Amino acid sequence: MAEIVYPPVIAAARTLFRVLDLRFHMEGTEHVPRSGGAVLVSNHISYLDFIFAGFAALPSKRLVRFMAKEDVFKHRVSGPLMRGMHHIPVDRGAGAGSYATALRMLKAGEVVGVFAEATISRSFTVKEIKSGAIRMAQATGTPVIPVALWGGQRLWTKGRPRKLLQRHVPLTILVGEPMYPKRGENVNDHTTDLHTRLSELVDRAQRTYPEVPPGVWWQPAHLGGSAPTPEEAAAMDAAEAEARASRQDD
């Protein structure tokens, strides 16, 4: 695929991050293969996760094709960029087409990025994850690479004002060891294993983060922060979904 858009976008992001003195700590990037298909699965805490998860693959000189909700592709600014970077639009009402596109890309040797929680976690813990990443890996014989992101929620996340120009924010990116789910093996077992691996990586990123003021909103409740608990976050998500459905019915 012709890469006219992706490299300049990465260069612009790197320049902005240097200006803002964002402080990256990355581990395990050698787990991203330098060639061949792979499914990169990240936790989801921020609207900027596409950028930071993609950074995990840059040391291996790989570009990640992320699966993202179709609305992002319809936006007048983000849409042309997403299409130019060959990301994959997902219509949640008819996901078969996006799934088939992801399989084609994996078979062609691309790295496909998946946010298996589907939506941003308000509790900043790993929510229940979907099985699609495991099924794609099984169907194409490619590895699953778990990635934990932490810090990006301080810049822009659900229910909070954007602080995109905030300076000196530490950002942690931890890449875990690959999983190799084989065709015919139990999908649910592998999905549970992936959830465990992601949760352990995220927990390590949170516990080793360099600056955590007491009771801060962007730290999970079980670590002393004031973020919603998983149960409170689930109730908030349910209320939001109900309100969205009501607006569509009007």
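Two strands are taken to pair where DSSP finds at least two bridges between them; strands themselves (E, at least two residues) and helices (H or I, at least four) are DSSP runs, numbered from the N terminus. The views show a predicted model, in which local features need pLDDT of at least 70 and side-chain atom pairs count only at pLDDT 80 or more, while totals for chains, interfaces and linings use all residues. Residues are numbered from 1 along each chain as its sequence is written, and side-chain values use heavy atoms, with hydrogens and water left out.

**View 1. Seven strands form an open, mixed sheet.**
The strand order across the sheet is 1-7-6-2-5-3-4. Strand 1 (23–27) and strand 4 (88–90) stand at the edges and have a single partner strand each, so one side of each is left without a neighbour in the sheet. On average, neighbouring strands are turned by 20° against each other, direction ignored, where axes are lines fitted to C-alpha atoms, for helices over the stretch in contact, and angles run from 0 to 180 degrees between N-to-C directions.

**View 2. Strand 5 pairs with strand 2 and with strand 3.**
Strand 2 and strand 5 run parallel and are joined by four bridges, one of which links Ala 38 to Val 111 in strand 5. With strand 3, strand 5 (residues 111–114) also pairs in the parallel sense, here over three bridges; Gly 113 is the bridge partner of Phe 66. Both faces of strand 5 are covered, since Val 111 and Gly 113 on one side and Val 112 and Val 114 on the other are all buried, that is, under 20% relative accessible area (over 50% being exposed and values in between partly exposed, with a 1.4 Å probe and protein chains only).

**View 3. Arg 65 is buried in the model.**
Arg 65 belongs to strand 3 (residues 64–69) and stands opposite Val 112 in strand 5. Arg 65 has a relative accessible area of 2% and is therefore classed as buried. The Arg 65 side chain makes a polar contact of 3.1 Å with the side chain of Glu 110; such a contact is a pair of N or O atoms within 3.5 Å, one able to donate a hydrogen and the other to accept it, with residues adjacent in sequence counted only if both atoms are side-chain atoms. Leaving aside residues up to four places away in sequence, the residues that Arg 65 touches include Met 1, Glu 3, Tyr 6, Met 85 and His 86, contact meaning heavy atoms within 4.5 Å.

**View 4. Helix 6 lies across strand 2, strand 3, strand 5 and strand 6.**
Helix 6 (residues 132–140) runs at about 170° to strand 2 (38–42). Seven of the nine residues of helix 6 are buried, among them Ile 134, Met 136 and Gln 138. These buried residues pack against strand 2, strand 3, helix 5 (96–107), strand 5, strand 6 and helix 7. Just after helix 6, Gly 141 takes a positive phi of about 70°.

**View 5. Two residues other than glycine, His 86 and Ala 118, have positive phi.**
His 86, with phi of about 60°, is found in the loop between helix 4 (78–84) and strand 4 and is partly exposed, with a relative accessible area of 22%. Ala 118, whose phi is near 75°, is placed in the loop between strand 5 and helix 6; Ala 118 is likewise partly exposed, at 33% relative accessible area.

**View 6. Two loop residues, Lys 61 and Thr 157, are shown with their surroundings.**
Lys 61 lies between helix 2 (49–55) and strand 3 and counts as exposed at 71% relative accessibility. The C-alpha atoms of Lys 61 and Ser 35 are separated by 9.0 Å, although the two residues are 26 residues apart along the chain. Thr 157, in the loop between strand 6 and strand 7, is buried, with a relative accessible area of 3%. Not counting residues up to four places away in sequence, Thr 157 touches Ile 45, Ser 46, Tyr 47, Ile 120, Phe 124 and Trp 217.
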